[in-house]
Amino acid sequence: MKNSRILIILVLASLNLISCNKKEVELYDPLVANRDTLVNPADDFFKYANGGWFKKNPIPSTEKSNGIFRTIADTINNQIKQICEKSAQDVSAEKGSNKQKIGDFYASGMDTIAINKAGISPLKSEFAKIDAIKDVPSLVTSIAHLHTIGASPAFSFYLGQDDKISTKYALFLGQGGLGLGIRDYYFNTDDQTVKIRTEYVKHLQAMLRLIGQNEAGAKSIMKLETDLAKASKKLEDLRDPIKNYNKMTVASLGKITPNINWNSIFTVLGVAKADSVIVGQPEFYKALNTFVKSYSIEDWKTYLKWDLVNTYAAYLNSDIEKQNFKFYSTVMNGVSKQKPRWKRVVGQTDNYLGELIGQVYVAEYLPKGSKEKLLEIGNNIREVYADHIKKLDWMSEATKVKALKKLSKIVMKVGYPDKWKDMSSMNIDRKSFCGNVIQANIWNYKYMINKYGKPVDRTEWSMNPQTYNAYYNPSNNEIVVPACNIIVPGFEGRMPDDAILYGIIGGSTFGHEITHGFDDQGSQYDENGNLNNWWIPEDLKKFKAKTKLIVSQFNKYTVLGNKHINGEATQGENIADLGGVVMGYEAFKKTAQYKNNQKISNLTPDQRYFLAYGYAWMVNTKDEALASQIMTDVHAPAQFRINGPLSNMPEFYKVFNVKPGNKMYQPDSLRVSIW
């Protein structure tokens, strides 16, 4: 999955060659304006392509990063703000209508007087349920209940497609329950992580005070979470879909966790008839089985109240909201100032009612023809991908046949859904912002759990059309590219040239997502979306040798002096980035612009393509956020999403004269070529 980025342009009516007359050349060209020509592109293409923009646009105090993603997000937020404000102003909107839900949700979020007056009262009934816990059986059913309202204490639970039977839904249990997100925050010994742990305990104390609890409970919360973390796998170990697929009957799960009544839990979760479950990390549940008894009921109550208020902190009174921001945004990501209230509420409204907002966005803001244009670019990328597979020198003909079959069956969902979710049963009003979020979480949980026992709906989308992102779903063997991916910043009202289209939309979007079907994880699923080894053993061995090379390459990269990129954890995205930029380039070579060697803004087609790819990841990040990213994110920092894959491309070496001694130079023996 790529990172988010957006801005508005006129719909791309076609991919025809644009004229290169004097008037066209004089127009603003971000590929030229964003460069820092004092940097040698052979040493750091990321800074060469984007450094000029970074110098003129420092990271705002309200953000953890700045660049193409942030500029685009601001534009989209302004559009969503218009949708929200228009809806909020229409007080006569029919009850239950999309406009009423959007308007009331937004209005309740902007009503800070009511929010502050309410304090923590929206959670009062849930706190009372936690206070009523008296033993282990009532503890575990309370934990289950909290999962149905959006919280996630003790473990993770969700319903999704069975990895080995993609036509059926299955129940999944995984590790979880950590306020710091991942296990490494509880154990790493570098100065920054130690500081975060210290500040986390202070944060726990502050939050307990704010909800009327004894701050001494922070110590027990930290101890419990540390034990949960100790039983959890590292980020890189979660990448193996085989090792993290452990299907067992509910009875078998009960045998390894005798202190936990799973029949009671599944009844509360709304799947009383569950007969089996896929347990990601059985060792985690064996440990949890011990913790439900080794920790006192009072300790568990304190932890559950913390998890609940942590879930809803951003929707409560200003004291709680500011304390939540202080730790998670300032301490962990270096953001010193909150965004304006309207920006926060717009984002929250889009987060919970994005499907409803998306319908308005498609009708009123999306350029006509976007869906068709995206599909055209995607099919061009798939065509060159097939050519590449046919010519691979390391793969046998038998495996090529299977790879090509999988490629041909990849479903491309582009633009927006053909049918929208029915959200008529979601209850939204203007009385309580936090109450609305609770109702939205309840609706989302019911929507998910009601799928159990029903046929898989392969038409469903997991992103909104106004979300500048994309994803590959291995269980459906599909890529999903929302409509706004058609947009390229700096080309408002005019058509970008093909180099830009194929560097950004072709390479970093379609090429990237298709490659996820053939990365270290996606390659383990067959053309029907089932976890099934379709490889000839010798070919699989060669493939893994190539992925080890890309792991080794990224392990060597460092940020902030001595913090290494986690090559194992990021390898899927790194493989996808490499495949994307290669396939985008090959598709671009088929265009008239490339064939005619047409210069634009005095840049050759090759130069423009690689600069466009650099533009796709134009992101400058604060040190704190960067440190957090390399610990928690399966995406490498933007600098290495550019310099990493380009360091493997001979074509890039030729265009920008990369020689031995340049920082981006890699000897032939270390250059990675997979797809």
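**Close-up views of a predicted model**

**View 1. Helix H14 spans residues 297-312.** This helix of the predicted model has 16 residues and reaches 23 Å from its first C-alpha to its last, close to the 22 Å expected at 1.5 Å a residue. Its buried residues begin with an unbroken run: Trp300, Lys301, Thr302, Tyr303, Leu304, Lys305, Trp306, Asp307, Leu308 and Val309, with Tyr312 also on the list. Charged side chains are thus part of the picture here, as Lys301, Lys305 and Asp307 are among the buried residues of H14.

**View 2. Phe45 and Trp300 belong to the largest nonpolar core.** This core holds 196 residues, and the members touching the most others are Phe45, Phe266, Trp300 and Trp675. Trp300 will be familiar from the previous view, where it is one of the buried residues of H14. Let us stay with Phe45 for a moment: leaving aside residues up to four places away in sequence, Phe45 touches Phe610, Leu611, Ile642, Asn643, Leu646, Phe652, Phe656 and Met664. A second core, separate from this one, has six residues, including Phe172, Tyr245, Ile278 and Leu531.

**View 3. Asp519 is buried without a salt bridge.** You will find Asp519 in the loop that joins helix H20 (498-516) to helix H21 (537-555). The nearest side chain of opposite charge belongs to Arg239, 4.4 Å away; a salt bridge would need the charged atoms within 4 Å. A polar atom of the Asp519 side chain does lie 2.6 Å from the backbone nitrogen of Gly522. Beyond four places in sequence, Asp519 touches Arg239, Phe543, Gly572 and Ile575.

**View 4. Asn34 sits in the loop between helices H2 and H3.** The loop runs between H2 (30-33) and H3 (45-56). Asn34 counts as buried because its relative accessibility is 4%, under the 20% limit. Apart from residues up to four places away in sequence, Asn34 touches Tyr28, Tyr48, Ala49, Asn50, Gly51, Gly52, Trp53, Tyr615 and Met618.

**View 5. Asn477 and Leu560 have positive phi values.** Neither is a glycine: phi is about 45 degrees for Asn477 and near 55 degrees for Leu560. Asn477 is in the loop between strands E7 (471-473) and E8 (478-482), while Leu560 lies in the loop between strands E9 (558-559) and E10 (563-564). Buried or partly exposed? Asn477 counts as buried, at 0% relative accessibility, whereas Leu560, at 33%, counts as partly exposed.

Definitions and conventions: Residues numbered from 1 in each chain as written. Predicted model: local features only at pLDDT ≥ 70, side-chain atom pairs only at ≥ 80, totals over all residues. Heavy atoms only, no water. Core = buried A, V, L, I, M, F, W, Y, C linked by side-chain atoms within 4.5 Å. Buried < 20%, exposed > 50% of the residue type's maximum accessible area, 1.4 Å probe, protein only. Contact = heavy atoms within 4.5 Å. Helix = DSSP H or I, 4+ residues; strand = E, 2+ residues; numbered from the N terminus. Lys, Arg positive; Asp, Glu negative; His and termini not counted. Polar contact = N/O pair within 3.5 Å; in protein donor to acceptor, adjacent residues only side chain to side chain. Expected span 1.5 Å × (residues − 1).
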